[in-house]
Amino acid sequence: MSTAFAVTVFAVAYALIASEKVNRVTVALAGAGLMLAFRLVSSEDAFHSTDFGIDWDVIFLLLGMMIVVGVMKQTGLFEYLAIWSAKKAQGQPYRIMVALVVLTAFASALLDNVTTVLLVAPVTILICERLELPPAPYLIALALASNIGGTATLIGDPPNIIIASQADLTYLDFLSNLAPLVVLLLAVFIAMCRLLFRSAFRYRPERVRELMTLDEREAIVDRRLLAQSLAVGVAATAGFALHGLLHYDPSVVALLGAGVLLLLANRPPLVFLREVEWPTLAFFMGLFIMVGALVKVGVIQSLANAAADLTGGRLLLATTLLLWVSGLLSAVIDNIPYVATMAPVTASLVQDLGGDQDATVLWWSLALGADLGGNATAIGASANVVILGLSERAGHPISFLQFTKYGALVALATLVLSMPYLWLRYFVLG
Amino acid sequence: VTRARDLAAPYPSAPTDAPATEVARILAEEEVDVVFIERQGQLQGVVSDIGLLSRLLPSYILEDPKLAQVMEEGAADLLWRRLEGRRAAELLAKAGGEIPQVDGDATLMEVAAVMAGARAPLVAVREGGRLIGGITSSALLTRLLQA
């Protein structure tokens, strides 16, 4: 009875989140409330157990990074880099797109994807306007690059944060396992851009002067704050990377970074706390409680058993299925609830299928599928939705189909390339 | 009893199909803060100076004000280019052109209630279905305090 109720609440909540008819935070908190009210999960479990409740490591890692990003946003660094690189590209459209794609992918690996596109998209429109280039292809490329780049690190995409916490994987684990593939995928994506957006590369030498008059140095509004945030950013990255030596969890490193930066910035903290996406944090909390209830009543274990039966204990089949199912589902639904649900299933599969061999590859499969699949449609990832909104406000609307036409091809190509990587690295060479 | 028609001051107006640059010219040269936009004598909305300014500014400046600093002074010319080819009617949506309207024989208390209810600094006054002018909040307050 309790199982049926938990599944019903979860399924209805999932459907409502996917339909976007009701705000996702409302749904997650209401669903969590119902799970608690009907005692499917106790308050002790919900608030104090990482197996059945809120994963505070994830919440505080997100909070810390949001504060750090909130400070970095004020510095003008990304605007500087975007204009500087466009000027270095001498106004050549394809070279500008490559520079913006590389900047976005790199920034997305270090910051969250939505923040990155919010930082780079406005300056991209400015550059396009100066060169009389159509902004839409450049904006679509930014969103796609941010989802690819975010796949590379533990902090690059929220699904990776959930996976790292559930699987006890470190920043270096992500970097060494996913970053090499992401570099390859980015190179392929850059080559694809040449073909996909070929009509957007009309070079107008007479417009280049308009670009060159932009003074990127003016974007840096507070050099001291810039130096401080860069120092803290480097220190935090070192802290993430040196987990094996220092034994500080990423959440602790992020909170330390945020605290130090707020102290150094010497401004009212509210200025930076406004940048924290409190609704997203509330969404995560509600989601963790709902998934915790499913774990508690045994639904997740049943799902994992079914998945293990389906794959017959064959790790390669499980890896392939997980990659493609995650890719397909993440194309149409938010990859955060998907990964929050699939993480305990994958944990169980890693245990069941592993046997003598290391089944960690399943985690990489889940991360790649969920992160890269988000590129397939205009609603597959938050960065895509943000780009659609920005482009519409700028008077260059991008339709769902227009985005999906490019996104689906890029998602397909990156997922197809991920498969031989996983096979070669973990089954042939591993 | 003072009626709305007694306080209504004429405001410059432009038809909905007038060039957007003409609306901007009226705002700049006649030193008024709004221009009524009408079609066949019927008020369609107003374009305020602030509304026009937000229309002139590219959205990327509003999204990221730091970008305003990287643009040189001469870029102001680019702002005017954004109005080229546009019509007055197109300025209404962005300017939030809806303003409350009252009949010419409305009392000042009625005007005040409409203005406060809509939180609008200007009320349009019409007579026999045609626009005859507008009452600003400052003109209304001055008159009410005199009474």
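How many salt bridges are there between chain B and chain A? Keep that in mind while we walk through this model, which is predicted. We'll start inside chain B, then move to where the chains touch.

**Stop 1: the sheet with strands 1, 2 and 3**

Select strands 1, 2 and 3 of chain B. They make an open sheet in the order 1-2-3, and the pairing is mixed. Look at strand 1 (13–15) and strand 3 (42–48) of chain B: each has a single partner strand and stands at an edge, so one side of each is left without a neighbour in the sheet. Neighbouring strands here are turned by 30 degrees against each other on average, direction ignored.

Now zoom in on strand 1 and strand 2 (residues 34–39) of chain B. The two pair in the parallel sense, over three bridges. For a landmark, click B:Ala14, which stands opposite B:Ile37 in strand 2 of chain B.

Next, add helix 2 (residues 20–29) of chain B. This helix lies across strand 1, strand 2 and strand 3 of chain B, and runs at about 145 degrees to strand 2.

**Stop 2: the sheet with strands 4, 5 and 6**

Move along chain B and select strands 4, 5 and 6. Here is an open sheet of three strands in the order 4-5-6, with mixed pairing. Which strands stand at the edges? Strand 4 (101–103) and strand 6 (130–136) of chain B do; each has a single partner strand, so one side of each is left without a neighbour in the sheet. On average, neighbouring strands of this sheet are turned by 35 degrees against each other, direction ignored.

Strand 4 and strand 5 (residues 122–127) of chain B run parallel and are joined by three bridges. Click B:Gln101 to find B:Ala124 of strand 5 opposite. Then show helix 8 (residues 108–118) of chain B: it packs on the sheet, touching strand 4, strand 5 and strand 6, and its direction makes about 130 degrees with that of strand 5.

**Stop 3: where chain B meets chain A**

Time to bring in chain A. On the chain B side, 15 residues are in contact with 24 residues of chain A. Between them the two chains bury about 1,500 Å², 52% of it on carbon and sulfur atoms. Select B:Tyr60, B:Lys66 and B:Val70: together they supply 38% of the area that chain B buries against chain A, more than any other three residues.

And the opening question? The count between chain B and chain A is two salt bridges. One to look up is A:Glu79 with B:Lys66, where the closest N and O atoms are 3.6 Å apart. There are also six residue pairs in polar contact between the two chains, both residues at pLDDT 80 or more.

Now colour helix 4 (59–63), helix 5 (66–70) and helix 6 (76–81) of chain B; each supplies at least two residues of the side that touches chain A. Helix 5 gives the most, with four residues. The residues on this side of chain B divide into seven nonpolar, two polar and six charged.

**Stop 4: a salt bridge inside chain A**

Over all chains, the whole structure holds 15 salt bridges. For the last stop, select A:Glu216 and A:Lys87, whose closest N and O atoms are 2.9 Å apart in a salt bridge. A:Glu216 lies in the loop between helix 11 (208–212) and helix 12 (223–241) of chain A, while A:Lys87 is in helix 5 (residues 77–88) of chain A, so the pair ties together parts that are 129 residues apart in sequence.

Conventions
Residues are numbered from 1 along each chain as its sequence is written. Chains are lettered from A and ligands numbered from 1 in the order in which they are written. This is a predicted model: local features need pLDDT of at least 70, side-chain atom pairs count only at pLDDT 80 or more; totals for chains, interfaces and linings use all residues. Side-chain values use heavy atoms; hydrogens and water are left out. Two strands pair if DSSP finds at least two bridges between them. Axes are lines fitted to C-alpha atoms, for helices over the stretch in contact, and angles run from 0 to 180 degrees between N-to-C directions. Contact means heavy atoms within 4.5 Å. Buried area is the accessible area (1.4 Å probe) that two parts lose on being put together, summed over both. A salt bridge is a side-chain nitrogen of Lys or Arg within 4 Å of a carboxyl oxygen of Asp or Glu. A polar contact is a pair of N or O atoms within 3.5 Å; within protein, one must be able to donate a hydrogen and the other to accept it, and residues adjacent in sequence count only if both atoms are side-chain atoms. Ala, Val, Leu, Ile, Met, Phe, Trp, Tyr, Cys and Pro count as nonpolar, Asp, Glu, Lys and Arg as charged, and the others, Gly among them, as polar.
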